[in-house]
Amino acid sequence: MNFREKLYLMLAGVFIISLCLGNVIGITKFVVIPVPYFEDLIIPAGLLAYPFTFLATDLICELYGKDRAQHVVWTGFLLNIFMLFLMWLGHVLPDASGVSGSASTFESVYAFMKPNVIASMVAYLIAQSIDVNLFHFWKKFTNGKHLWLRNLGSTLGSQVVDTVCILSILYYTNNLGSDVTSLTVLGSLMLKSYAFKFLFALIDTPFFYLGVFLLKDKVQLNAATNDKK
């Protein structure tokens, strides 16, 4: 396997593991992120993994094109459905009492994960597709210039949709914490979740530039070599 395909598999792996981990831990715990000179951000622990999915798809978009990025989005969607099926199978099969290390822990994770996966998959499929299409819109609009614009423009736009979708679904299905009892509290939670994503998008932009700088020529050279074979 050549470098081009190995790198693609690695980026796809980062995307899928971040997506699956984010959905497993989801809203089982909310964490506090201190922000100097500003109000602390309170976000679901699963959100810590999710921004890496957008960095991975943006790199795949830039290095491999829209079709490959969209393929990863659909693959991630189907694998999360498969993960939910496996968890459901573990839930419905009888417990081997006296052997299980902690069946109650499994059931607690499953109880949180089930609505979280369903909600996040609806939001994810919409947001990731928007991210891929916005990325290529900005790339075409700027004639391939201003790398930062397509990275930030695609990620920040799509994450508005993602944040509103997933938290709205969880709120209206009563799967958020007992303190989230009004639209005002929900709105505050949305703002804090999006603020984290916004900050992450700013932080990951230099890494996006670095990744493109280090890898683009190698990927294109590898593709050209394979075309000659």
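These are my notebook entries on helix packing, aromatic pairs and three buried residues in a predicted model.

**Entry 1: H1 against H3**

I started with helix H1, residues 3-25, and helix H3, residues 66-92. Their axes lie 10 Å apart, and I read an angle of about 40°. I therefore log H1 and H3 as oblique to each other. The crossing of these two helices is right-handed.

Next I listed who makes the contact. H1 supplies Glu5, Tyr8, Ala12, Phe15, Ile16, Leu19, Cys20, Asn23 and Val24. From H3 come Arg68, His71, Val72, Val73, Thr75, Gly76, Leu79, Asn80 and Met83. I sorted the residues of the H1 and H3 contact by class: eleven are nonpolar, five polar and two charged.

**Entry 2: H2 against H3**

I moved on to H2 and H3. Their axes are 7 Å apart, at an angle of about 150°. Angles over 145 degrees count as roughly antiparallel, so H2 is entered as roughly antiparallel to H3.

On the H2 side I found Thr57, Ile60, Cys61 and Tyr64. They meet Arg68, Ala69, Val72 and Val73 of H3. The class count for H2 with H3 is six nonpolar, one polar and one charged. I note that Arg68, Val72 and Val73 of H3 also appear in the contact with H1.

**Entry 3: H2 against H4**

Helix H2 covers residues 51-64, and helix H4 covers residues 103-141. I find their axes coming within 10 Å and crossing at roughly 40°. H2 and H4 are therefore oblique to each other. H2 passes H4 in a right-handed crossing.

H2 brings Thr53, Phe54, Thr57, Asp58, Cys61 and Glu62 to this contact. H4 brings Ala127, Gln128, Asp131, Val132, Phe135, His136 and Lys139. I count five nonpolar, four polar and four charged residues in the contact of H2 with H4. Thr57 and Cys61 of H2 were also on my list for H3.

**Entry 4: Asp58**

I then looked up single residues. Asp58 sits in helix H2. Is Asp58 buried or exposed? Its relative accessible area is 0%, so I log Asp58 as buried.

Asp58 and Val132 are 74 residues apart in sequence. Their C-alpha atoms are 7.3 Å apart in space. Setting aside residues up to four places away in sequence, I find Asp58 touching Asp131, Phe135, Asn151, Ser154, Thr155 and Phe208.

**Entry 5: Ser158**

Ser158 belongs to helix H5, residues 147-172. I read a relative accessible area of 0%, so Ser158 is buried.

Which residues does Ser158 contact, leaving aside neighbours within four places in sequence? I get Phe54, Ala127, Ile130, Asp131 and Leu134. Among them, Phe54, Ala127 and Asp131 also belong to the contact of H2 with H4. Asp131 is also touched by Asp58.

**Entry 6: Arg150**

Arg150 is also placed in helix H5. I find it buried, with a relative accessible area of 2%.

Arg150 and Lys139 are eleven residues apart in sequence and 6.0 Å apart, C-alpha to C-alpha. Not counting residues up to four places away in sequence, Arg150 touches Glu62, Phe135, Trp138, Lys139, Thr142, Gly144 and Lys145. Glu62, Phe135 and Lys139 I had already listed in the contact of H2 with H4.

**Entry 7: aromatic pairs**

How many aromatic pairs does the structure hold? I have nine. I checked the geometry of two.

Phe137 and Trp138 form an edge-to-face pair. The ring centres are 5.1 Å apart, with 70° between the planes. Phe137 has 43% relative accessibility, so I log it as partly exposed. Trp138 is partly exposed at 23%. Trp138 is also one of the residues that Arg150 touches.

Phe196 and Phe200 gave me a tilted pair. Their centres are 6.4 Å apart and their planes stand at 45°. Both rings belong to helix H6, residues 183-228. The two residues are four apart there, so about one helical turn separates them. Phe196 is buried at 11% relative accessibility. Phe200 is buried too, with a relative accessible area of 15%.

Last, I looked for a cluster. Phe52, Phe196 and Phe200 form one.

How values were computed:
Residues are numbered from 1 along each chain as its sequence is written. This is a predicted model: local features need pLDDT of at least 70, side-chain atom pairs count only at pLDDT 80 or more; totals for chains, interfaces and linings use all residues. Side-chain values use heavy atoms; hydrogens and water are left out. Axes are lines fitted to C-alpha atoms, for helices over the stretch in contact, and angles run from 0 to 180 degrees between N-to-C directions. Angles under 35 degrees count as roughly parallel, over 145 as roughly antiparallel, 65 to 115 as roughly perpendicular and the rest as oblique. A crossing is left-handed if the near helix is turned anticlockwise from the far one by less than a right angle, and right-handed if clockwise. Contact means heavy atoms within 4.5 Å. Ala, Val, Leu, Ile, Met, Phe, Trp, Tyr, Cys and Pro count as nonpolar, Asp, Glu, Lys and Arg as charged, and the others, Gly among them, as polar. Rings of Phe, Tyr and Trp (its six-membered ring) pair if their centres lie within 6.5 Å; planes under 30 degrees apart count as stacked, over 60 as edge-to-face and the rest as tilted. Buried means under 20% relative accessible area, exposed over 50%, partly exposed in between (1.4 Å probe, protein chains only).
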